[in-house]
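This report describes selected local features of one protein model with a bound ligand. Please consult the sequence and structure shown here while reading.

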Amino acid sequence: MTDNNQSDSAFVIGWPIKHSRSPLVHGYWLKYLKIQGTYEAVAVVPENIDIFIKLLPKSGFAGGNVTVPHKETVYRLIDHPDEIAQALGAVNTLWLENGEIHGTNTDGYGFCANLDDFAPKWREGKTATILGAGGASRAVIYALGKAGYTNIHIINRTILRAQAIADEFSPLLETSLSAHGWEEATALLADTDLLVNTTSIGMDEDIEFPLDLANLKPNAIVTDIVYTPLLTPLLKLAKRKNFKTVDGLGMLLHQAAPGFEKWFGTRPNITPALRQYILSDLNKKATVK
Ligand code: ATR
């Protein structure tokens, strides 16, 4: 937050950026909290990301969010990545202090806070199975390790990517991490307290999710980080089998809150009204499509 709170402004950078819901979320909070700041989407092509970050300290922005495909590149360009950013090698939130750029990654925080809201018993679990091994998967795995999960199975089509995460995070976490192909998934579900989809498989509404949940531990919680559609193929399947499910929208809302507080000085609340506001927009876009 700068001294003149009235004129603070923040951004989200990405390429492409027009699908980002972050301006809606932050715009809602600015209006609700009657803060005179602004939050704008800025399209930055990969060739221009270096210069954008170089000019940032003198740009007048208090900070901003970073999304695909810039999270890793920007991590390497900033002055002070915090411990989580260093572990993940990626940032999604930037702020300025004394003309220097600080950065963190709030995706894991958002993931956990969403589960706290809708399935607080997740904190009693010990074993998680994570489907996927991309950037989002890394944030989720690191957060679960820090939250006390002692056993995490990482399942990925390309096992080498899962193995790379297990190798990299093992020294950082007191968690047993193992890498597997999808053919092993069914067997691994037997001791799973928390099942997480981080793959893009959930984005195609019309498919049957390629996993049999018959073996999943009773009382397991099933969650998906995809929120378009809100009811993903995995969540549909889990609901049919009467498992507790948590959709991915709350992760988007919660990951935004720490940045807003940094730039505008007030910690915003994640309310049912905000959720409804974003849901209406998602539904509108789905109808247009
Ligand atoms: P993000 O950074 O958002 O996590 P990503 O790095 O593109 O995105 O990762 C997408 C994940 O979805 C990967 O785990 C990918 O598996 P691979 O590493 O084998 O590519 C997974 N994924 C995407 N489409 C898939 C499919 N049809 N079947 C299985 N896994 C898929």
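The sections below treat the ligand site, two helices, and the backbone geometry of several loops.

## Basis of the report

The model is predicted. Every value given here is computed from that predicted model.

## Ligand surroundings

Several segments of the chain surround the ligand. One group consists of Gly132, Ala133, Gly134, Gly135 and Ala136; Asn156, Arg157, Thr158 and Arg161 also belong to the shell, as do Thr199, Ser200 and Ile201. By residue class, this shell comprises 3 nonpolar, 7 polar and 2 charged residues.

Three polar approaches to oxygen atoms of the ligand can be described. Two involve the backbone: an N or O atom of the alanine 133 backbone lies 2.9 Å from a ligand oxygen, and a backbone N or O atom of glycine 135 lies 3.0 Å from an oxygen atom of the ligand. The third involves a side chain, with a polar atom of asparagine 156 placed 2.7 Å from a ligand oxygen atom. The ligand taken alone exposes 650 Å², of which the protein buries 64%.

## Helices α7 and α1

Helix α7 spans residues 159–169, and its buried residues are Ala162, Ile165, Ala166 and Phe169. Viewed down the axis of α7, these buried residues fall within an arc of 100°, so they line one face of the helix. In general, an α-helix has 3.6 residues a turn, so residues three or four places apart point the same way. The packing partners of the buried α7 residues are two helices, α4 (83–88) and α6 (135–146), and two strands, β8 (151–155) and β9 (176–180).

In helix α1, the buried residues are Ser22, Val25, His26, Tyr28, Trp29 and Leu30. Lysine 34 follows α1 and has a positive phi, near 55°.

## Cis peptide bonds

Most residues other than glycine have a negative phi, and most peptide bonds are trans. Against this background, two peptide bonds that precede proline deserve mention. The bond from tryptophan 15 to proline 16 is cis, with omega near -5°; proline 16 sits in the loop between β1 (9–14) and α1 (22–32). The bond from valine 68 to proline 69 is likewise cis, with omega near 5°, and proline 69 belongs to the loop that connects β3 (63–66) and α3 (71–77).

## Positive phi at asparagine

Two asparagine residues in loops also have a positive phi. Asparagine 219, although not a glycine, has a phi of about 75° and lies in the loop between β10 (194–197) and β11 (221–224). This asparagine 219 counts as exposed because its relative accessibility is 75%, with the cut-off for exposed being over 50%.

Asparagine 242 has a positive phi of about 65°. Its place is in the loop between α9 (233–240) and β12 (244–246). With a relative accessibility of 71%, asparagine 242 counts as exposed.

## Glycine 265 and a long-range pair

Glycine 265 is located in the loop between α10 (249–264) and α11 (272–288). Its relative accessibility is 41%, so glycine 265 counts as partly exposed.

In sequence, glycine 265 and aspartate 8 are 257 residues apart. In space, the C-alpha atoms of glycine 265 and aspartate 8 are 9.8 Å apart.

Key: Residues numbered from 1 in each chain as written. Predicted model: local features only at pLDDT ≥ 70, side-chain atom pairs only at ≥ 80, totals over all residues. Heavy atoms only, no water. Buried < 20%, exposed > 50% of the residue type's maximum accessible area, 1.4 Å probe, protein only. Helix = DSSP H or I, 4+ residues; strand = E, 2+ residues; numbered from the N terminus. Arc of directions from axis to C-beta. Contact = heavy atoms within 4.5 Å. Near = heavy atom within 4 Å. Polar contact = N/O pair within 3.5 Å; in protein donor to acceptor, adjacent residues only side chain to side chain. Areas by Shrake-Rupley, 256 points an atom, 1.4 Å probe, with all protein chains shown as cover. Nonpolar A, V, L, I, M, F, W, Y, C, P; charged D, E, K, R; others polar.
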